[in-house]
Amino acid sequence: MEPLTKILIIADETPFSEKVIQYGYLVANQMQARVGLLLVDDSKLHPIDTVMPYETIYGDNTFMHAKHFLESMREKYALGIDTKIFVVEGEIKETVISTSLQWNAQLIVAGTHARRGISKFFMGSISEGILHETTIPMLIVPVNKME
């Protein structure tokens, strides 16, 4: 097995996401790997999932706002690690899988809120869905259990 050289970290602009990004960069630093930071904007596909749609909050600047968030995370955690930023509109699971394949990622780092019961039934687990469909190994960070 070859050493890991590309790690794709999934972000979503939540406080939990920053912990996933931080952990992903820690792994990348130890492996001397490049990082891809991916934020998938699915707000136009699922507007009912948001309290206030992105268009209302950011107007036409949705892409720029997401890019700015990822750039700020890169500044805070990259510490010299080569990082590529991806902001893509689409379904999260499909977009993560296609981006990871196109970029030739060797590891996907994602968070999970560890939903249970009725919440998991209705909302599902995006990380679990990706895990079951991708051929790329995943590191899933249980963000609700982190300090």
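Trainee: Is Asp 82 buried, partly exposed or exposed?
Mentor: The model is predicted, and what follows is computed from it. Asp 82 has a relative accessible area of 43%. Buried would require under 20% and exposed over 50%. Because 43% falls in between, Asp 82 is partly exposed.

Trainee: With which residue does Asp 82 form a salt bridge?
Mentor: Side chains of opposite charge can pair when their charged atoms come close. For Asp 82, the closest N and O atoms of the pair are 2.7 Å apart, where the cut-off is 4 Å. The partner is Arg 34.

Trainee: How many residues apart in sequence are the parts that Asp 82 and Arg 34 tie together?
Mentor: Arg 34 belongs to strand β2, whereas Asp 82 sits in the loop between α3 and β3. Arg 34 is partly exposed, at 34% relative accessibility. The pair therefore ties together parts separated in sequence by 48 residues.

Trainee: What separates Lys 67 and Glu 71 along helix α3?
Mentor: These two residues form a salt bridge whose closest N and O atoms are 3.9 Å apart. Lys 67 has 29% relative accessibility and Glu 71 has 25%, so both count as partly exposed. They are four residues apart in the helix, so the separation is about one helical turn.

Trainee: Which residue pairs with Lys 93 in a salt bridge?
Mentor: The closest N and O atoms of this pair are 2.7 Å apart. The pair links distant parts of the chain, helix α4 (residues 92-102) and helix α6 (residues 126-133), with the two positions 40 residues apart in sequence. Lys 93 is partly exposed at 23% relative accessibility, and its partner is partly exposed at 49%. That partner is Glu 133.

Trainee: How many salt bridges does the structure hold?
Mentor: Among them are Asp 82 with Arg 34, Lys 67 with Glu 71, and Lys 93 with Glu 133. The total is four.

Trainee: What pattern does the protein follow along the sequence?
Mentor: The secondary structure consists of six helices and five strands. Read in sequence order, these elements give β-α-β-α-α-β-α-β-α-α-β.

Trainee: Which elements give two or more residues to the largest nonpolar core?
Mentor: In soluble globular proteins, nonpolar side chains tend to be buried together. Here the largest core has 26 residues, and Ile 7, Ile 9, Ile 21, Tyr 25, Leu 37 and Leu 70 touch the most other members. The contributing elements are β1 (6-11), α1 (15-31), β2 (34-41), α3 (62-77), β3 (83-89) and β4 (107-112).

Trainee: Which residues does Ile 9 touch, leaving out those up to four places away in sequence?
Mentor: Ile 9 is one of the core residues that touch the most other members. Its contacts are Val 20, Ile 21, Gly 24, Tyr 25, Val 35, Gly 36, Leu 37, Leu 38 and Val 109.

Trainee: How many residues make up the second, separate core?
Mentor: Leu 38, Val 96, Ile 97 and Ala 105 are included in this core. Its size is 15 residues.

Trainee: Is Thr 112 buried or exposed?
Mentor: Thr 112 is found in strand β4. Beyond four places in sequence, Thr 112 touches Ser 125, Ser 127, Ile 140, Val 141, Pro 142, Val 143 and Asn 144. Its relative accessible area is 19%, and the limit is under 20%. Thr 112 is therefore buried.

Trainee: What percentage of the residues of the protein count as buried?
Mentor: The accessible surface comes to about 8,900 Å², with 56% belonging to carbon and sulfur atoms. Of the 147 residues, the buried share is 40%.

Notes
Residues are numbered from 1 along each chain as its sequence is written. This is a predicted model: local features need pLDDT of at least 70, side-chain atom pairs count only at pLDDT 80 or more; totals for chains, interfaces and linings use all residues. Side-chain values use heavy atoms; hydrogens and water are left out. A nonpolar core is a set of buried Ala, Val, Leu, Ile, Met, Phe, Trp, Tyr and Cys residues joined through side-chain atoms within 4.5 Å. Buried means under 20% relative accessible area, exposed over 50%, partly exposed in between (1.4 Å probe, protein chains only). Contact means heavy atoms within 4.5 Å. Accessible areas come from the Shrake-Rupley method with a 1.4 Å probe; for residues, only the protein chains shown count as cover. A salt bridge is a side-chain nitrogen of Lys or Arg within 4 Å of a carboxyl oxygen of Asp or Glu.
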